[in-house]
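Good morning, and thank you for making time for this presentation. Please have the sequence and the model open as I speak.

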Amino acid sequence: MRLEGKVALVTGAASGIGAATAELFVKEGAQVVLADRNLDQARRVAATLGERALAVGVDVVVSQQIRDAVGATISAFGGLDILVNNAGLGIRGTVVNTEEDDWDRIMEVNLKSVFLCSKYAIPEIARRGKGAIVNISSTAAVCGIPDRAAYVAAKGGVAALTRSMALDHAEQNIRINSIAPGVIWSSYYEEMLRTVPDPDGFVSGLKARAPVNRMGQPHEIATMALFLASDESSFATGAMFTVDGGYTAR
């Protein structure tokens, strides 16, 4: 029970990495607020986790909704110790063919949301005397990905912002780290499978990106988030932890 007595807020928690993280945190003793635009799905996930889980509807680029989510967390569970900034969005495109509105949306959802959620969570975490923030970045922050200009830029920003935040809030005993996942199977790839001409070849290509020749699973990122949220990582802050099956080791 590595998170016994802790309260966590996880964004993008209705599916994928966010849902897996919420589930693992509850198993490890935490009370968890699952924040997502898809409130119905977040409620379905929360219902499987019992009374220590609460779902709230949140658009992570709307300040008032974030403030409300933090307030709901305090009202329900009495405080806040851990924030996992997981909500994200991906699109294809180079700088030439990415529309300006799409660029702005990716920057808002993937980067501005980390700023906003942290802005309103940090004062509450500080009141508890110590805590942790885990930001989900990407291997794109390390090595880039073709045809993903906006996504790569935003996730690189998450990694940089993590380092800055870690320095700013170290004296408040708030540790802030990021995770750089590789290819993790998710609804994003499930949707892409419906549109690509060769689904089998598409999946094979995703697997081949990693030397271990498979895609990662959401729970494999959740376990790293657990480590970074718990006291087991008490001397880690301002760092990015890569979980990618060896992709960036090549």
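I shall begin with the overall fold, turn to the charged side chains, and end with two loop residues.

Please keep in mind throughout that this is a predicted model. The chain contains nine helices and seven strands. Its radius of gyration is 17 Å, close to the 18 Å that the globule rule gives for 250 residues, so the chain is as compact as a globular protein of that length. Along the principal axes, the C-alpha atoms occupy a box of roughly 50 × 35 × 35 Å. Of the 250 residues in the chain, 48% are buried.

Let me now move to the charged residues. In general, side chains of opposite charge can pair when their charged atoms come close. How many salt bridges does the structure hold? The count is 10, and I shall discuss three of them.

The first for today is the pair formed by E232 and R2, whose closest N and O atoms are 3.5 Å apart. This pair links distant parts of the chain, with the two positions 230 residues apart in numbering. R2 belongs to the segment before β1 (7–11), while E232 sits in the loop between α9 (218–229) and β7 (240–243). Are these two residues buried or exposed? E232 has a relative accessible area of 46% and is therefore partly exposed. R2, at 40% relative accessibility, is also counted as partly exposed.

My next example is the salt bridge between K130 and D231, with a distance of 3.3 Å from N to O. Here too, distant parts of the chain are linked: K130 lies in the loop between α4 and β5 (131–136), D231 lies in the loop between α9 and β7, and they are 101 residues apart. K130 is partly exposed at 36% relative accessibility, and D231 is partly exposed at 47%. Returning to R2 and E232, I would add that salt bridges with shared partners join R2, E28 and E232 into one network.

The third example is E124 with R127, where the closest N and O atoms are 2.8 Å apart. How are these two residues placed in helix α4? They are three residues apart, so about one helical turn separates them. E124 counts as partly exposed, since its relative accessibility is 22%. R127 counts as exposed, since its value is 62%.

I turn next to a group of like charges. On the surface, E99, E100, D101, D102 and D104 gather in a patch of negative charge. One of these residues, E99, is found in the loop between β4 (82–85) and α4 (100–127). Why is E99 classed as exposed? Its relative accessibility is 53%, and the exposed class begins over 50%.

Finally, I draw your attention to two backbone features. D147 is not a glycine, yet it has a positive phi of about 65 degrees. Its place is in the loop between α5 (140–143) and α6 (149–169), and D147 is partly exposed, with a relative accessible area of 30%. N173, likewise not a glycine, has a positive phi of about 60 degrees. This residue lies in the loop between α6 and β6 (174–181), and N173 is partly exposed at 48%.

That concludes the presentation, and I thank you for your attention.

Methods: Residues numbered from 1 in each chain as written. Predicted model: local features only at pLDDT ≥ 70, side-chain atom pairs only at ≥ 80, totals over all residues. Heavy atoms only, no water. Patch = residues over 30% accessible without salt bridge, like charges linked within 9 Å, V, L, I, M, F, W, Y side chains within 5 Å. Areas by Shrake-Rupley, 256 points an atom, 1.4 Å probe, with all protein chains shown as cover. Salt bridge = Lys/Arg side-chain N within 4 Å of Asp/Glu carboxyl O. Lys, Arg positive; Asp, Glu negative; His and termini not counted. Charge placed at Lys NZ, Arg CZ, Asp CG, Glu CD. Helix = DSSP H or I, 4+ residues; strand = E, 2+ residues; numbered from the N terminus. Buried < 20%, exposed > 50% of the residue type's maximum accessible area, 1.4 Å probe, protein only. Rg over C-alpha atoms; globule rule 2.2 N^0.38 Å.
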